[in-house]
Number of protein chains: 2
Amino acid sequence: MKIPVQFVPQLKNIKLLPNDVVIIDRRLLSFRQVKSWTANSIKYPVVAGESLKDIKKFPSHMEKILRLTNKISPKELRFVVIGGGSVGDFGGFIASVYKRGMPLINIPSTWLAAVDSSHGGKTGLNAAGTKNQVGSFYPAKSVYVCKELLFLQPRERALDAYGEVVKAFLLDAKLSRTNFLSLAVSEETLWKFLKQCIEAKYRIVNRDPKEQSGIRSLLNLGHTVGHAFEVVLKWPHGKAILYGLAFDLFWSEEQGLITSNDLKNIVNSKVWKELFHFQEYQKALSFPSKRIMKLIQQDKKKTTSKNIRQVFVARAGKPLLETIPLQEIRTEYERQQKYFH
Amino acid sequence: MKIPVQFVPQLKNIKLLPNDVVIIDRRLLSFRQVKSWTANSIKYPVVAGESLKDIKKFPSHMEKILRLTNKISPKELRFVVIGGGSVGDFGGFIASVYKRGMPLINIPSTWLAAVDSSHGGKTGLNAAGTKNQVGSFYPAKSVYVCKELLFLQPRERALDAYGEVVKAFLLDAKLSRTNFLSLAVSEETLWKFLKQCIEAKYRIVNRDPKEQSGIRSLLNLGHTVGHAFEVVLKWPHGKAILYGLAFDLFWSEEQGLITSNDLKNIVNSKVWKELFHFQEYQKALSFPSKRIMKLIQQDKKKTTSKNIRQVFVARAGKPLLETIPLQEIRTEYERQQKYFH
């Protein structure tokens, strides 16, 4: 798969057509530049959040969209999805099943979606109390990453995205050779590294587009325990992932996989020091291990009921994928609880 | 795409596994041989018919299936779909979106599904009052065509399927060179020609698996007006298609595309004479053309609001695809109304 991403400075660089069905986070329409840019297309504004992805609401969304578009020939219709992760998952799924699939254009409006979720073709709805139980692999024809749109967000949302960028840095050989970790945390830095970060993700996704070979599990670095932190502490995704990365890094050191020196280069870096706070990590380690394990077991990425693919780090840019008994996460969580007490 | 079809004499030749989720027309479970064959798998019996495909019921089906399967690792799960057209469309869609897609095995239980709908990878649900508005292209890993299962049906269901077989004969050069049209109508004949018929369908589908180039529109032979007959007369699909084929053949003659001699060879054949009844055709031509046109316009296959891909026949085995103004169907319907009065 060719990387379908285009980087543009302004919204007006992205041409919308009259037969485009624009599925958009309705908060974005309060910005006059977004409103005027989308004025001539068919709009389907949605309320962002996990509740948008509830399968129970899918029939009513779909029927409304079908009525809204019943005058347009399927040959002329495109879905343009503008929003963060939940809007992307929802809109991508709609595009993938509307009349057996229509062209999809993704325009991430949050840094987190721009770095991560708008790439790789995964769509999803939530069902039976679990996230992304229903969905498709449906790569967008184009993804537009637009500076003007991303800079509409408050600065904290940029910080939220840093966790995923640090993950990309730890996973990707090319990115790990840059000076990213030594630069001050800012939106301008994020914008500067966005392209390399996204390319790093496609390098992995393109080796395993449908999650069949296991290679794509590399993207789970920081996510197994990080997801559990996200749930128990109600942290933003990016923050939870940063502390999940900390867990996997400390574990890699304990296993003798990363040298203390290589680990120090990461945790003493400017970015890490600005974002990682020891008291916060202690909070993340303050839960009974049983509770953390229950959340991990509910995670759908388990390969069988007893094993999990765990990503370790040998050094920045060199991850190691291993299938291990789930139980070992518990042992390690309890070890870190004692160690960082 | 390799043709994924296997022909087997008996149900016991198809091995079901304990982690197979069997979506099955529940009427089939009243046959003791079907019941014992499926005894060790997870069963999800459904009531066949268009109402099964109602998008409003999809969330509840999906959540039940997720609960039924929550102990099975996605790596070990397959969906086995056993039934006619509606069960196949529904079950195929479920398989295509359950955790972003699981292996799908199709086992058609009706002649019509065995000839036609279980092949080609189209799945679908009905929404906003129209058929197949939501769906996917999701080819089955395997399709098992089982003589024992098909012969459980009453003989009339075999007759229903003949329309699609005659269509295949008119479309496919290889099939048109067989003696199919000169043999008495029977289930044994249908079984004998099933393989060639299915191969003929794959020859077209494989040239245009996602309905993009237009080649796949050839499969619409007999279907444009035939679908309208199906709705207004509440005829079985196969019967309606046979009369739809008659319409397209007579139109082809009127256009000078097929010679009178070639047409006679078809309509004077044993099969045609057994299945085509002139009084029935007059019934099909007894509706105001406006009503027929309204039904055709609702058909989602229209390329734009004003044109339609029409399949003519130059001779058996040589179809001709043309894009024509929709209005020409009306003119021809009215001509045939007068001509066959």
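Why do the copies, chain A and chain B, meet through the same surface? In this predicted model, 97% of the interface residues of chain B are interface residues in chain A as well, so one surface serves both copies.

**View 1. Chain A and chain B are related by a two-fold axis.** A turn of 180° lays chain B on chain A, with a shift of 0.0 Å along the axis. The RMSD of that superposition is 0.0 Å. This is therefore the relation of a two-fold axis. In chain B, the C-alpha nearest the axis belongs to B:Pro59. Its distance from the axis is 4.0 Å.

**View 2. The interface of chain B and chain A buries about 2900 Å².** Interface size is often quoted as the accessible area lost when the parts come together. Here, carbon and sulfur atoms give 56% of the buried area. Three residues, B:Glu63, B:Arg100 and B:Gln133, supply 25% of what chain B buries against chain A. No other three residues supply more. Counted by contacts, 33 residues of chain B touch 32 residues of chain A.

**View 3. A salt bridge joins B:Lys56 to A:Glu63.** The N to O distance between these side chains is 3.1 Å. Across the interface of chain B and chain A, the rule finds two salt bridges. Polar contacts between the two chains number 10 residue pairs, with both residues at pLDDT 80 or more.

**View 4. Helices and a strand of chain B contribute to the side that touches chain A.** Which elements give two or more residues to this side? They are α2 (58-68), α3 (85-97) and β7 (130-134) of chain B. The largest share, six residues, comes from α2(B). By class, this side of chain B has 12 nonpolar, 10 polar and 11 charged residues.

**View 5. Strands β9 and β10 of chain B form a hairpin.** Strand β9(B) covers residues 307-315, and strand β10(B) covers residues 318-325. The two strands pair in the antiparallel sense. Eight bridges link them. At one of the paired positions, B:Gln310 has B:Glu322 in β10(B) as its bridge partner. How many residues lie between β9(B) and β10(B)? There are two residues between the strands. In the turn, B:Gly317 has a positive phi of about 90°. In a regular strand, side chains alternate between the two faces of the sheet.

How values were computed
Residues are numbered from 1 along each chain as its sequence is written. Chains are lettered from A and ligands numbered from 1 in the order in which they are written. This is a predicted model: local features need pLDDT of at least 70, side-chain atom pairs count only at pLDDT 80 or more; totals for chains, interfaces and linings use all residues. Side-chain values use heavy atoms; hydrogens and water are left out. Copies are superposed by least squares on the C-alpha atoms of residues with pLDDT of at least 70 in both. Contact means heavy atoms within 4.5 Å. Buried area is the accessible area (1.4 Å probe) that two parts lose on being put together, summed over both. A salt bridge is a side-chain nitrogen of Lys or Arg within 4 Å of a carboxyl oxygen of Asp or Glu. A polar contact is a pair of N or O atoms within 3.5 Å; within protein, one must be able to donate a hydrogen and the other to accept it, and residues adjacent in sequence count only if both atoms are side-chain atoms. Helices (H or I, at least four residues) and strands (E, at least two) are DSSP runs, numbered from the N terminus. Ala, Val, Leu, Ile, Met, Phe, Trp, Tyr, Cys and Pro count as nonpolar, Asp, Glu, Lys and Arg as charged, and the others, Gly among them, as polar. Two strands pair if DSSP finds at least two bridges between them.
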